Amino acid sequence: MQMNLEASGMIEFFKLLPQVCSGGVYLFHSKTNQFLYTNPYFQTVFFREKQKSEYFTSDLSSSVHPDDLKLWDIEMEKVSNLKMNQKREITFRFIFPEQSLVKWFHFSENLISIPSLSEEPLVIGFVYDVTNEKVTEENVQEQIRLFLGLFENASVGMALQDWEGGYFRINQRFTEITGYTIKELTNLNLKRVKGDILSENELAYFTILGDGLEIGEATLTRKDGRKINIYRRTNTFRNAEGKPDFYYVLLDDLTEKKRVESYILHSQKMETIGNLAANLAHDLNNYLQPIHVFSQLGKEILGTDQKQSMDQYRMGEYFKKIGQAADSARSMIHKILRFSKSTEADVISVVDVSAVIQSSIPILVAEAPKSVELEFFFSEEPLLVKLDPVRISKILGEIISGSVFSWDTSMVGTVEINTKQIVVDYGPKVLVQIEIIGIHAADASVFQEFESSFFEEDESRWAGLHLIKRYVNNWGGDLNIEKFGETSVIISLILPCAEEKSEGILPKSINSTLKNENVWDRLKELVFWIIEDDAPARESLALVLSLKNIKPSLFESSTSALQELKFQKPDFVISDYRMKDLNGLHLIRKIRDSNENLVAVLYTGNTDGLDEDVLGKEGILVRSKPISVDELYESILLSFGLL
C-alpha cells in the first residue's frame with residue numbers, strides 16, 4: 001500500500017511538471033531505452049505522427065538531422081555508462097516530415113534511481129527548443145567571421161587598442177603601413193608599462209586621442225624611421241553599461257596620395273605658367289621679331305671681309321650674340337608652351353641634349369625646393385640624340401621637384417646633372433647622369449626594388465620612375481639606378497647617338513634660289529601686304545622685303561586691310577594671327593574671297609589650335625614667331641611654288 005501511495009505521489013508530481021516547465025519532460029529506462037513517461041509537450045513535438053503504445057529513444061532517430069545522426073547513436077550508447085546523479089547536456093538538430101526548417105533541441109539528462117518504479121537506473125530529462133538561440137548564435141558567428149575577413153583583408157590599416165593604449169589585434173595592412181608587427185607593438189607596450197624610456201616616435205603609437213571620435217591627418221614615423229602622412233580615425237567601443245571598453249583605429253597611408261597631389265599641383269602650376277606664357281607669347285614674340293631681323297641684317301651688312309676693323313669685328317660678334325639670345329628666347333617661349341600642356345603627342349626630333357637641358361635651367365631652378373642646390377656640367381661637344389626635348393625637361397623637373405621621391409628636409413640636398421659621351425660594348429652612347437644627394441633613406445631603398453619590379457606588366461606602375469623608364473625606352477635608351485649611400489642615388493639615362501640634322505639651315509638648292517635675282521625681279525611686280533599690329537615687328541618685315549626691292553603695303557589692323565581691299569587686291573599676304581579686331585586666319589580667308597589665287601603666310605607665337613596640314617592644303621603656310629630673314633624668303637618662294 002505504501003508503494004502504491006508513493007507511486008501515486010510520483011505520478012502526481014510528474015503531472016505537475018508541465019505547469020512549471022516550458023519544455024518537454026520525459027523518463028526512460030537506462031537499459032531498454034523505453035520511455036516510461038513523456039509530458040504533452042514532448043508528445044506533441046516528437047510523437048505527433050506516431051500511434052504506438054510503447055515508445056523508445058530509437059523512435060526519435062528518424063527525425064534527427066542526418067549530420068547529427070551519428071552523434072545521436074554514440075550518445076544513446078553512453079546512457080548505460082552514466083553514473084548515478086551524473087548530468088549531461090547535449091544539443092541535436094531535428095527535421096520533422098511536416099516541416100522544412102531545421103530545429104534545435106537541447107537535452108538535459110540525469111541518471112536517477114526510483115526503486116518504486118524500477119530496480120534499474122532511470123534517466124530523467126528535460127528538453128527545450130533552442131532554435132532561436134542557435135540561429136542567433138550562428139548569425140553572430142557569421143558576423144564575426146565576416147568582420148574578421150574584412151579586418152584582415154582591409155585596404156586600410158586596422159587595429160584594436162585597449163583602454164590604456166596597448167594593441168591586442170592588428171591587420172596585415174597596419175603592419176605594412178607602420179612596419180610594426182603585433183609582437184613588436186606588444187613588446188613596446190610592455191616597456192612603456194614597466195617605465196622604460198621610449199622615443200617620442202614610438203610613444204605616438206600608444207597615445208589615446210580622447211574619449212570619443214577622432215578623425216584627421218597626422219604624421220607618423222615608421223619603424224624604419226621614415227615619416228609618412230596618415231589619415232587616422234579612432235572611435236570608442238562601449239560595453240552594455242556604456243563604459244569605454246576598447247578603441248578601434250583605422251589608419252590610411254596618404255604618402256603616395258600626397259605625392260600624387262604634389263605631382264598634380266606641379267602640373268597645374270606649369271599649366272598656369274603655360275597659360276600665362278600663351279597670353280604673353282604674342283607680345284614677347286613681337287618684341288623678338290625686330291631684334292631677330294635687325295641682328296641678322298646687321299651681320300650681313302658688316303659681312304665677313306677680312307679687312308674689317310677690330311670695331312667692325314666686335315660689332316659683328318655683338319649682332320651674332322643678339323641673334324643667339326633672340327633664338328634662345330624664342331625657344332624658351334615655345335618650350336614653356338609645350339611644357340605646360342597636360343596632354344600632348346610627343347614630338348621626337350634630333351637635338352643636342354646639352355643645349356636642351358641648358359635652356360631648361362631656369363625652369364628647373366624654379367621647380368627645385370629651397371633646400372636643394374643644382375649643379376650642371378655639360379659636354380663641350382654637341383651630343384645629338386633623338387628624343388622629345390620637352391619631355392626630357394619634364395622628366396628632370398619631376399626628379400628635382402620631388403614628385404618622384406621625397407626630399408629629406410632635415411639636410412641640404414644637391415642634384416648634379418652631367419652630360420657626356422661614353423663608349424659601351426655596342427658603340428658610343430650619350431649619358432645624362434643625375435647624381436642626387438639628400439633624399440629620404442626609405443625612398444632610396446625603393447630605387448633598389450625598381451629594377452626587379454619593372455618587368456611586371458601592370459598599368460598601375462606607369463608612374464614615377466617606371467613611367468620615366470618607359471619614355472627612355474621609347475627613345476631607344478635605358479634607365480639605370482645605382483644607390484651609393486643611405487640618402488644618395490645616381491640615375492643614368494643612356495641614350496643612343498643620332499646623326500646630325502641641320503634644322504633651320506636651307507639646302508644649297510634653296511640658298512641658290514634665294515640669291516637668284518631673276519626670281520625676285522618677277523616677284524617685286526606683285527602686290528605684297530603685311531598685316532601686323534606691332535609697329536616694330538611690322539617695320540622689320542617690311543625692311544626684309546625691301547632688300548629684295550619689294551615695297552609692301554603695311555596695315556596695323558585687319559579692319560584697315562579690309563578697307564583697302566575695296567581698292568586693291570594683294571597677291572601675297574603675311575599676317576599676324578592674334579589681332580584685336582579679327583584674327584589673321586579669318587582675314588586671309590576673307591581676302592581670298594576676292595582673290596582666289598592669293599598665297600599667304602600666317603605667323604604666330606603660339607600654333608595651338610592650328611592644323612598646319614589643313615591650312616597647307618588651303619595654300620596658307622604657318623610659321624612661328626619670330627620669323628628669320630631666310631625663313632621669310634623661303635616661305636615666300638614656297639607659297640608661290642618656286643621651291
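**Exercise 1.** What volume does the second largest cavity have?

*Solution.* This is a predicted model, where local features need pLDDT of at least 70, side-chain atom pairs count only at pLDDT 80 or more, and totals for chains, interfaces and linings use all residues. Residues are numbered from 1 along each chain as its sequence is written, and side-chain values use heavy atoms, with hydrogens and water left out. A cavity is a set of points on a 1 Å grid over the protein atoms alone where a 1.4 Å probe fits but cannot get out. Searching the whole structure gives 2 cavities of 30 Å³ or more. The second largest has a volume of about 70 Å³, the space filled by probe spheres set on the points.

**Exercise 2.** Describe the lining of the second largest cavity.

*Solution.* Lining residues have an atom within 4 Å of a point. Among them are Tyr-26, Phe-35, Trp-72 and Glu-109. Strand 1 (24-29), helix 3 (66-78), strand 3 (87-94) and strand 4 (103-112) each supply at least two lining residues. By class, the lining has 10 nonpolar, 1 polar and 1 charged residues.

**Exercise 3.** Classify the ring pair Tyr-26 and Phe-35, and say whether each residue is buried or exposed.

*Solution.* The structure holds 34 aromatic pairs (ring centres within 6.5 Å; planes under 30 degrees apart are stacked, over 60 edge-to-face, the rest tilted). For Tyr-26 and Phe-35, the centres are 6.0 Å apart and the planes lie at 80°, so the pair is edge-to-face. Buried means under 20% relative accessible area, and exposed over 50%. Tyr-26, at 2%, is buried. Phe-35, at 11%, is buried.

Key:
Buried < 20%, exposed > 50% of the residue type's maximum accessible area, 1.4 Å probe, protein only. 1 Å grid on protein atoms, 1.4 Å probe; cavity = no way out; pocket = protein on both sides within 12 Å on 5 of 7 lines; lining within 4 Å. Helix = DSSP H or I, 4+ residues; strand = E, 2+ residues; numbered from the N terminus. Nonpolar A, V, L, I, M, F, W, Y, C, P; charged D, E, K, R; others polar.
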